[in-house]
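I am opening a notebook page on a single protein chain and will write down what I look up, beginning with the overall build and then turning to the interior.

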Amino acid sequence: MPSKISIKSNNNFHTATETTVFDTKTDEKFHVYRRRWKENPEHFISGGFPLHIDIESVAVCNLRCPFCATTHRRWGQDQRGFMDFALYRKIIDEGIENELCAIKLSLRGEPLLHPNLTQMVEYAKKRGIMDVYFNTNAVLLTAEKFESLIDAGLDRISISIEGFTKDVYEKFRVGATFERLFDNVSKLISLRERRQSSLPQIRIQTVLLEELKSSFDTYVAFWKQYADEVSYLDAREEKECEGGSDDAAAWACPFLWQRMTILWDGTILPCLMHGISDFSSMVLGNAAQHSLKELWEGERENQLRKLHARGESHKVPACTMCSYRAMEIKKLGEKS
């Protein structure tokens with residue numbers, strides 16, 4: 001067993017501005033949550049319930065971005081659908097009973113396609129979830145939709161944009177037009193100010209593809225006037241990983257001590273399953289029939305945690321195919 005396991009929260013995420021979407025949060029309870037987000041994985045503390053749940057409101061996307069695992073059908077089965085609102089309420093209600101701190105209403109699809117997205121935000125906020133947000137490509141983010149999200153109490157929104165010119169943006173965001181994207185995004189802060197609201201906080205982010213690195217400083221300068229934070233995510237190679245059963249590494253995934261994922265049909269997964277074509281070996285149950293708390297504290301989750309904590313993630317077949325794991329282990333190799 002490796003003597004020291006590398007386990008780092010948000011290691012693939014990087015803020016490029018002095019301000020962040022968390023700067024307006026002054027509640028001590030929120031800061032305790034963010035501290036636990038970092039420290040629980042570091043000390044292998046799972047607690048009695050996930051701090052955060054990734055809720056796939058919709059498994060349909062309006063774009064076909066070439067760098068995305070969804071485009072290449074390497075992120076679960078290609079089964080499209082929308083989460084039922086009754087199922088969603090059940091998830092939130094159990095979460096509140098167990099002090100759930102945060103939810104993200106997106107995974108493999110574009111959440112603005114869900115007809116009840118605003119109601120989902122509103123229900124979570126009224127029930128007491130501290131941090132409600134989602135990722136979006138913003139093509140469908142009209143002024144009217146944004147104002148409805150302000151009314152619902154959305155805490156933050158992450159807008160994914162590659163580049164700052166028409167040719168670059170449309171190369172990577174296939175199916176979108178830069179003019180429509182810019183028209184939607186450029187007016188958000190003024191709309192929020194007119195409503196005398198500080199929420200939702202706006203983050204603009206990019207996957208830092210190799211072709212974008214040389215112009216990233218200009219990207220930040222261009223977009224920061226329209227956002228509270230500009231950031232980037234490390235690019236993952238979304239292809240079939242070939243880790244193999246003997247590919248050991250002194251690394252553990254932080255997700256197992258932070259979060260749980262629920263797909264649009266209620267399927268419960270222990271993590272985000274990046275770049276994995278077949279989820280079946282990792283399914284814990286279904287939120288329509290099972291207790292999230294019981295599964296979080298159950299034998300299967302705990303066995304996964306034990307393997308990762310011992311540096312034996314390579315013994316989990318799905319983990320050897322995970323593009324997130326492959327990316328993070330590659331970083332460790334580059335540092336050694």
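How many helices and strands are there in the protein chain? I note at the outset that this is a predicted model, and in it I find 12 helices and 10 strands. I then looked up the radius of gyration, which is 19 Å, close to the 20 Å that the globule rule gives for 336 residues, so the chain is as compact as a globular protein of that length. For the extent along the principal axes, I recorded that the C-alpha trace spans about 55 × 45 × 40 Å.

Next I turned to burial and contacts. I find that 54% of the 336 residues count as buried, and that, among contacts between residues at least 6 apart in sequence, 77% join residues at least 24 apart. The chain exposes about 14,800 Å², of which carbon and sulfur atoms supply 49%. As to charge, I noted 45 positive and 48 negative side chains, with the centres of the two sets lying 1 Å apart.

I then went to the interior. Which residues touch the most other members of the largest nonpolar core? This core has 65 residues, and the ones I was looking for are Ile 103, Leu 105, Ile 159 and Trp 223. Helix α4 gives the most to this core, with five residues. Apart from this core I found another, of 28 residues, which includes Ala 252, Cys 253, Met 282 and Ala 318.

I followed Ile 159 further and, not counting residues up to four places away in sequence, listed its contacts as Thr 136, Asn 137, Ala 138, Leu 141, Val 185, Leu 188, Ile 202, Arg 203, Ile 204 and Gln 205.

Helix α4 deserved its own entry. It runs over residues 143-152, and its buried residues are Ala 143, Lys 145, Phe 146, Leu 149, Ile 150 and Ala 152. I remind myself that an α-helix has 3.6 residues a turn, so residues three or four places apart point the same way. The cover over the buried residues of α4 includes α3 (117-127), β4 (131-136), α7 (188-194) and β6 (201-208). After α4 comes Gly 153, whose phi is positive, near 100 degrees.

My last entry concerns Asn 12, in the segment before β1 (13-15). Is Asn 12 buried or exposed? Its relative accessible area is 13%, under the 20% cut-off, so I count Asn 12 as buried. Leaving aside neighbours within four places in sequence, Asn 12 is in contact with Tyr 232, Leu 233, Asp 234, Arg 236, Tyr 324, Met 327, Glu 328 and Lys 331.

Conventions: Residues numbered from 1 in each chain as written. Predicted model: local features only at pLDDT ≥ 70, side-chain atom pairs only at ≥ 80, totals over all residues. Heavy atoms only, no water. Helix = DSSP H or I, 4+ residues; strand = E, 2+ residues; numbered from the N terminus. Rg over C-alpha atoms; globule rule 2.2 N^0.38 Å. Buried < 20%, exposed > 50% of the residue type's maximum accessible area, 1.4 Å probe, protein only. Contact = heavy atoms within 4.5 Å. Areas by Shrake-Rupley, 256 points an atom, 1.4 Å probe, with all protein chains shown as cover. Lys, Arg positive; Asp, Glu negative; His and termini not counted. Charge placed at Lys NZ, Arg CZ, Asp CG, Glu CD. Core = buried A, V, L, I, M, F, W, Y, C linked by side-chain atoms within 4.5 Å.
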